[in-house]
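Reader: I would like to go through the terms used for this model and ask what each one rests on. Please set the value against the cut-off where there is one.

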Amino acid sequence: MHNKTTAIHGGNITPSATGDVTPAISLSTTFYRDENGGYPGGHMYSRVSNPNRTALETILAKLEKGTEACAFSSGNTAGMAAFQALAPGSHIIAPDDMYWGFKKQLLSIFEGILEIDFIDLTKPELVSPAIKSNTVMIWTETPSNPLLKITDLTAISKIAKSHQLILACDNTFASPCFQNPIFQGADLVMHSTTKYIGGHSDVLGGVLITAGPSAYWDKIRNIQQIGGAVPSPFDCFLLLRSLKTLHYRMKGHAENALLFAQYLEAHPLIEKVYYPGLPSHPQYEVAVKQMTGFSGMLSVLVKGDGENAKKVVNKVHLFAQATSLGGVESLIEHRASVEGPDTKTPQNLIRISIGLEDVNDLIADFEQALR
């Protein structure tokens with residue numbers, strides 16, 4: 001099936017006795033055993049598996065062209081499971097523009113357990129010199145948050161494979177509609193399903209997808225099932241509902257974002273626009289090569305200092321000044337304020353999640369805020 005069809009039919013649960021077209025929510029935490037102690041329904045206990053979670057994992061694995069998926073209660077938990085599954089003393093190469101939540105995890109929760117180097121992964125020539133005897137993983141994020149840097153996954157994959165390293169990719173900004181990192185050689189794909197996959201700012205979740213079986217993947221599955229940080233059946237139900245419209249939502253996000261980015265690029269009060277769909281983007285050619293669309297996220301530098309940027313986000317009306325991204329409503333935030341005093345994000349940067357409103361209304365709202 002094509003991905004649009006998979007998104008609608010790929011996670012369907014076995015038809016119920018009542019013939020529900022929309023799969024029912026299975027709230028039971030425990031399941032019947034047969035006379036021999038087996039589980040005829042395929043499930044034992046909802047921490048280990050649940051019909052709704054199995055359906056969600058099945059469809060996400062298919063959409064990302066992987067073999068299996070593990071769903072988690074948040075994106076941060078999914079990332080943490082990927083790091084927990086590494087042996088103590090392991091070295092990770094990560095992007096210098098890594099999502100601040102993961103960077104904070106690595107530098108605090110995994111302090112003294114894992115060794116991390118942050119480098120500019122838009123320059124593949126920097127990767128090989130950073131590899132050490134204990135390096136086990138290259139963690140990529142493309143497009144990155146919040147500078148929308150694009151990593152050439154094919155180039156990094158060649159390096160990872162030559163050194164037998166795990167190549168992981170945070171694919172949250174692109175979504176499986178516009179990028180499939182496994183096609184470019186990734187071993188592991190991560191999403192915050194809270195974002196575009198959920199798409200309505202009403203459900204928290206995360207997922208890891210593997211390109212194939214491995215001892216490392218077995219450890220991740222064990223962390224999920226024994227650790228128990230799993231999404232509820234209702235969360236899985238909501239995500240399955242949202243996946244059915246994912247491709248059409250992403251098409252609208254991308255179309256709006258490109259028009260909005262073009263408006264900003266020509267604006268005299270904007271210093272710089274970060275959007276991989278603009279030919280002026282420094283990795284535009286790489287983005288065109290490995291992405292089929294450029295999604296709905298962009299960042300801008302407002303001329304002036306951080307106070308100027310804060311004034312803009314305080315004066316918009318249609319944009320919701322809130323963190324997160326990927327919902328049908330447009331969101332805006334002064335990113336450095338979110339990341340705190342240790343942030344490397346420019347103080348005059350505004351991160352924008354373009355929603356599905358009429359783009360002319362969004363432009364008019366931003367224009368009045370800038371003026």
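Reader: Where is Lys195 placed?
Author: In this predicted model, Lys195 sits in the loop between strand 6 (188-191) and strand 7 (206-210). The unreviewed UniProt entry gives the feature "modified residue: N6-(pyridoxal phosphate)lysine" at Lys195.

Reader: Why is Lys195 called buried?
Author: Buried means under 20% relative accessible area. Lys195 has 16%, so the word applies.

Reader: What does Lys195 touch, leaving out residues up to four places away in sequence?
Author: Its contacts are Thr172, Ser324, Leu325 and Gly326.

Reader: How do you know that domain 1 and domain 2 are in contact?
Author: Contact requires heavy atoms within 4.5 Å. 34 residues of domain 1 (3-241) meet 37 residues of domain 2 (247-370) in this way. The area buried between domain 1 and domain 2 is about 3000 Å², and carbon and sulfur atoms give 61% of that area. On the domain 1 side, Ile150, Phe178 and Tyr196 lose the most area to domain 2, together 26% of what that side buries.

Reader: What makes the peptide bonds before Pro143 and Pro146 notable?
Author: Most peptide bonds are trans. The bond from Thr142 to Pro143 is cis, with omega near -5°, and the one from Asn145 to Pro146 is cis as well, with omega near 15°. Pro143 lies in the loop between strand 4 (135-141) and helix 6 (153-162), and Pro146 is also placed there.

Reader: What is to be said of phi at Leu148 and Gln164?
Author: Most residues other than glycine have a negative phi. Leu148 has a positive phi of about 55°, and Gln164 likewise has a positive phi of about 55°. Leu148 belongs to the loop between strand 4 and helix 6, whereas Gln164 is in the loop between helix 6 and strand 5 (166-170).

Reader: Are Leu148 and Gln164 buried or exposed?
Author: Leu148 is at 1% relative accessibility, which is under 20%, so Leu148 counts as buried. Gln164 has a relative accessible area of 76%, over the 50% cut-off, and is therefore exposed.

Reader: Why are strand 8 and strand 10 called edges of their sheet?
Author: The open sheet has five strands in the order 8-9-12-11-10, with mixed pairing. Strand 8 (270-274) and strand 10 (320-321) each have a single partner strand, so one side of each is left without a neighbour in the sheet.

Reader: How do you know that strand 10 and strand 11 pair?
Author: Pairing needs at least two bridges. Strand 10 and strand 11 (residues 331-334) have two, in the parallel sense, so they qualify. Gln321 has Ile332 of strand 11 as its bridge partner.

Key: Residues are numbered from 1 along each chain as its sequence is written. This is a predicted model: local features need pLDDT of at least 70, side-chain atom pairs count only at pLDDT 80 or more; totals for chains, interfaces and linings use all residues. Side-chain values use heavy atoms; hydrogens and water are left out. Helices (H or I, at least four residues) and strands (E, at least two) are DSSP runs, numbered from the N terminus. UniProt positions are given in the numbering used here, feature names are shortened, and annotations may be inferred rather than shown by experiment. Buried means under 20% relative accessible area, exposed over 50%, partly exposed in between (1.4 Å probe, protein chains only). Domain bounds come from an automatic or database domain assignment. Buried area is the accessible area (1.4 Å probe) that two parts lose on being put together, summed over both.
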